Amino acid sequence: MPIGSLQQGRFQRLVGRAAQRACLDRLVGGLRSGQGQALMITGEAGTGKSALLGYLMRRAGDLTVLATRGIESEAALAYAGLGDLLRPLQNLFATLPTPQAAALRTALALEQAAAEFSRYAVCLGTLTALTTEAERRAVLVVVDDAHWLDQPSLTALLFAARRIQADAVSVVLAVRDASAADVEDAAIEIMPVPGLSPAETAELLGRLRTDPIAPMVADELWRATRGNPLAVTDVCARLSAAQLAGRELLGDRLPLSADLQSSFAARLTPLAPQTRTALLVAALCAADTDALAPALDALGVDATALDQAETAGLIAYENCRLVFVHPLMRSAIHREAPGWARRQAYDALAATGSGEARAWYRAAGAAGPDEEVAAELEAAGGWARGRTGYAAASRALHRAAELTEPGAERARRLAAAAADAQLAGHAAAAAQWLDQAWTMTSDPLLLADIDLARGRLLTQRGTPSIAQQVLLGAASAVEQADPLRAARLMCEAIYPSLTEGRVADSVRYARRAVQLAGVAGDDDARRDARTHLAQALTIGGRTAQARRLLIAARRYVDALDPTGSEHKVALLALCWAWLEDYGMATALIERVVGAARRSGALGALVRALSFQCEIGRCTGDWAAAYAVAEESLHLAREIRDVSNVGFALTCLARFDAVQGRGDLLHERLAEARKLSGPLGTGGLLLFEASARGLFHLTDGAPDEAITCLETVRDFSDRMGIDNPNIVGWEADLVEAYWRAGRPDDVRAQLRTLEEKARVTGLSRPRAAAARSRGLLASTPTEAETHFRSALSLHAECPQPFEQARTALAFGEVLRRRQRRAEARPFLRDALEVFRRLGAEPYARRAAAELEATGAHPSPSGLVNGVQRLTPQELQVARAVADGMSNPEVAAALFISRKTVEAHLSSAYRKLGVHSRTQLVRHVVEAARPWVVTAEGSGPADRPR
């Protein structure tokens with residue numbers, strides 16, 4: 001419901017609130033100077049949040065003010081609040097990127113959806129619309145009672161609010177409780193509004209009444225109301241002059257429990273029956289006079305009946321809408337009306353309404369199961385889902401299930417409600433509804449579908465072992481009746497199994513899925529199962545089989561929708577990287593990332609970015625890899641994707657380990673361990689322990705490194721993770737044993753590494769094994785043979801960091817054997833690569849060794865200025881280097897155009913460039929780190 005002149009003019013003078021007014025004054029001042037801000041005003045009902053919003057809007061009268069209020073009865077209508085806010089900006093929609101404009105028009109019911117769209121396209125469209133208007137005039141967005149706003153609207157507003165610091169847009173939300181589920185993670189500034197002080201309460205009383213007020217009465221009123229302005233105002237109006245003066249006792253007239261709703265209810269008693277009926281209808285609907293008048297006609301109530309309520313100061317009219325003086329008045333009317341009266345009012349609203357609102361009115365008025373109403377409400381849920389209003393859809397389906405007779409149909413609707421709730425991020429409700437659905441039917445096929453959803457949810461919530469049990473049990477129950485369904489269940493069980501590191505189980509599940517798909521005669525299902533099998537075989541070290549399956553599946557994978565099948569395609573990209581085909585890996589992951597950015601599919605994007613980071617870490621594009629991992633972490637936190645938060649943290653920690661950021665590494669890994677769940681997620685713990693081990697090895701603490709890496713070894717051996725490229729711990733443990741002076745352990749671990757390298761045929765582990773042999777060599781000739789062999793093997797699969805480690809080790813051995821001149825080229829090349837990668841601890845080692853040979857290393861510092869850029873500045877610069885315009889960069893990175901301009905300006909300044917052409921040259925050069933070979937060093941080509 002819009003907030004307009006009524007709210008701006010209702011409170012002409014505020015009592016107290018000096019700190020709050022100063023905060024709002026700063027917000028408006030910053031807005032006029034082009035600095036945006038997001039602010040959440042919190043406080044219990046009646047503390048004056050609406051009055052402060054009125055003050056704010058009066059101060060911002062010359063700006064574009066977009067305002068709305070959340071209404072409890074509209075909370076189930078997807079994008080109702082956003083529609084109120086953005087309709088004044090409809091003329092700008094044509095200037096937005098096409099996906100955003102289409103998503104906004106569809107979400108706001110301005111046009112029929114031509115195709116499915118992402119809810120995050122609506123979020124980005126909201127941001128772009130606001131920031132586009134801000135280029136003309138600063139924008140103030142005001143939302144009262146935001147806790148009652150429909151969730152899709154609130155999600156879009158919070159998404160925009162977190163991204164407007166560089167734009168002349170401010171978003172101010174008023175809520176009762178900042179810990180409410182939908183706003184507690186908003187990560188924006190909070191301004192609490194407590195009760196008035198005793199002196200301020202006395203001042204308010206003096207303004208409310210001309211009668212003398214005794215100080216002790218003012219004190220008693222303050223204690224009774226806790227300084228709540230609304231309570232003080234309401235109680236003061238009902239006290240006599242004698243009571244205010246202290247000549248009569250106050251008695252029990254004070255709402256000592258501060259039950260304001262009861263106080264409001266008391267104001268309804270003097271009203272005529274028709275006025276109370278009219279108020280009830282207004283309270284149950286959105287109070288739009290277009291909807292209100294027909295419903296009153298259906299009940300035989302004259303609209304003039306509301307005049308008495310207006311005279312009593314309970315309502316007012318504004319912009320063709322009826323406005324209650326306070327939200328508690330609406331609640332009091334609803335609570336005080338008898339059940340038959342509410343049902344009668346809902347029936348009238350349903351009879352004269354249409355669309356989703358009509359379905360909800362009919363559902364609210366239903367006294368028991370009603371299939372016709374349930375079907376209409378299910379259809380309303382479908383409309384909401386079509387506009388990506390998953391929270392509204394889940395609520396509609398759940399209510400439809402409540403109106404359905406117990407049995408299979410109710411179970412189906414509950415399961416559908418749970419699926420939408422999971423998409424909306426309401427995992428707890430989804431789990432509860434799925435458990436209820438499971439007990440309501442004996443249909444094995446429906447039970448299998450319910451268990452498929454339960455398995456996905458259990459995996460997401462950090463209990464993969466339980467997820468496997470549920471999925472495998474369901475597959476076993478239906479494999480005779482429906483082998484295709486069973487195949488899908490077996491495929492779904494593979495992911496939680498791999499999450500735990502259970503490779504042998506994953507291979508078994510995948511092979512069974514292939515068999516079941518063959519029995520079903522479904523070629524696509526069989527191809528899908530084979531790609532899952534290839535993933536499991538890759539991790540298990542059976543690389544030849546995995547590569548054959550992946551090559552055979554090329555056409556199938558190429559035909560997959562990179563947004564609908566994003567997780568599958570992204571995982572296959574990572575598999576190609578583990579098989580050392582970085583060209584294929586890069587092409588697949590860029591396909592997923594590009595599609596996810598274009599469609600605004602953040603869920604797909606966060607996973608793909610983390611995998612892109614891993615691929616970039618291997619190929620040596622570390623600055624970009626770190627930037628995309630930071631973006632993945634930021635977005636995963638924003639959409640509450642716990643599993644991907646954990647993976648992004650471990651990805652970043654592996655960079656921290658070799659770039660000398662110990663404090664940050666420990667902080668990230670502590671959070672990752674916490675996120676791995678009470679039972680622990682094996683895969684996540686594997687990456688965490690290996691990162692710790694690499695950090696200790698880098699930090700010169702081999703014993704601590706051994707402790708961590710032996711944990712990784714034991715887990716990997718137990719689970720059958722035999723591809724040395726998955727984590728890369730094997731060579732680190734060999735080196736840790738060597739530096740700790742444990743030759744027997746070195747030889748034993750080296751034999752294991754060499755066997756894995758032989759079985760997999762992969763170049764990186766073969767090179768690492770040759771490097772380790774060079775460390776152990778007893779003669780200079782033998783050492784040189786092994787090190788040169790290692791560098792040649794590295795050349796087959798360029799990984800700059802590993803190549804530089806080999807060059808450093810070779811140079812160290814040569815220098816210690818007094819072959820200083822021969823050591824210098826390798827040490828100098830290793831130093832160059834480490835500096836370009838930002839691996840400062842290794843760079844210091846290389847510089848010290850080079851100095852020990854009698855050479856003078858070049859001054860330490862950044863080799864390429866791109867390393868001075870923040871992760872987001874680098875993301876913007878790389879997007880520009882790819883040929884994107886500023887608006888295209890903004891759309892791709894989910895930021896505003898002003899933010900793009902701010903990052904570009906900062907990048908120009910840090911790099912000392914003045915044009916996009918110069919910027920592109922810096923970025924391209926930084927993406928080509930040097931590599932070291934047996935013949936020398938030089939810039940690397942793009943990954944093959």
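How many aromatic pairs does a search of the whole structure find? The count comes to 13 aromatic pairs, and a couple of them get their own close-up below. Keep in mind that this is a predicted model.

**View 1. Trp-622 and Phe-655 meet edge-to-face.** The two rings sit 5.4 Å apart, centre to centre, with 80° between their planes. In sequence the partners are 33 residues apart, so to speak on separate helices: Trp-622 belongs to helix α33 (residues 622-638) and Phe-655 to helix α34 (residues 642-659). Trp-622 counts as buried because its relative accessibility is 5%, and Phe-655 is buried too, with a relative accessible area of 1%. Zoom out a bit and you'll find both in a cluster linked by ring pairs, along with Tyr-626, Phe-801, Phe-834 and Tyr-842.

**View 2. Phe-810 and Phe-826 make a tilted pair.** Here the ring centres are 4.5 Å apart and the planes differ by 45°. Phe-810 is in helix α42 (residues 800-816) and Phe-826 is in helix α43 (residues 820-837), so this pair ties together parts that are 16 residues apart in sequence. Are these two rings buried or exposed? Phe-810 is buried, and so is Phe-826. While you're here, look at the loop between α42 and α43, where Gln-818 is found. Gln-818 isn't a glycine, yet its phi is positive, near 65°. With 55% relative accessibility, Gln-818 counts as exposed.

**View 3. Phe-894 has a positive phi as well.** The value is about 60°, again in a residue that is not a glycine. Phe-894 lies in the loop between α46 (886-893) and α47 (897-911). At 0% relative accessibility, Phe-894 counts as buried.

**View 4. Helices α8 and α9 pack against each other.** Helix α8 (residues 198-208) and helix α9 (residues 215-225) have axes 9 Å apart and an angle of about 110° between them, so α8 and α9 are roughly perpendicular. The crossing of α8 past α9 is right-handed. On the α8 side, the contact uses Pro-198, Thr-201, Ala-202 and Leu-205; α9 brings Ala-218, Leu-221 and Trp-222. Sorted by class, this contact of α8 with α9 has six nonpolar residues, one polar and no charged ones.

**View 5. Helices α5 and α6 cross at roughly 105°.** The axes of helix α5 (residues 98-107) and helix α6 (residues 119-134) come within 8 Å, and the angle makes α5 and α6 roughly perpendicular to each other. Pro-99, Gln-100, Ala-103, Leu-104 and Ala-107 of α5 meet a set of α6 residues that includes Ala-121, Val-122, Leu-124 and Gly-125. Which classes turn up in the contact of α5 with α6? There are seven nonpolar residues, four polar and no charged.

**View 6. Helix α18 (residues 355-365) has several buried residues.** They are Glu-356, Ala-359, Trp-360, Tyr-361, Arg-362, Ala-363 and Gly-365. What covers them includes α13 (273-284), α17 (339-352), α19 (371-386) and α20 (390-402).

**View 7. Pro-192 sits in strand β5 (residues 189-192).** Thr-42 is 150 residues from Pro-192 in sequence, but their C-alpha atoms are 4.7 Å apart in space. Setting aside neighbours within four places in sequence, Pro-192 is in contact with Gln-20 and Thr-42.

How values were computed
Residues are numbered from 1 along each chain as its sequence is written. This is a predicted model: local features need pLDDT of at least 70, side-chain atom pairs count only at pLDDT 80 or more; totals for chains, interfaces and linings use all residues. Side-chain values use heavy atoms; hydrogens and water are left out. Axes are lines fitted to C-alpha atoms, for helices over the stretch in contact, and angles run from 0 to 180 degrees between N-to-C directions. Helices (H or I, at least four residues) and strands (E, at least two) are DSSP runs, numbered from the N terminus. Angles under 35 degrees count as roughly parallel, over 145 as roughly antiparallel, 65 to 115 as roughly perpendicular and the rest as oblique. A crossing is left-handed if the near helix is turned anticlockwise from the far one by less than a right angle, and right-handed if clockwise. Contact means heavy atoms within 4.5 Å. Ala, Val, Leu, Ile, Met, Phe, Trp, Tyr, Cys and Pro count as nonpolar, Asp, Glu, Lys and Arg as charged, and the others, Gly among them, as polar. Rings of Phe, Tyr and Trp (its six-membered ring) pair if their centres lie within 6.5 Å; planes under 30 degrees apart count as stacked, over 60 as edge-to-face and the rest as tilted. Buried means under 20% relative accessible area, exposed over 50%, partly exposed in between (1.4 Å probe, protein chains only).
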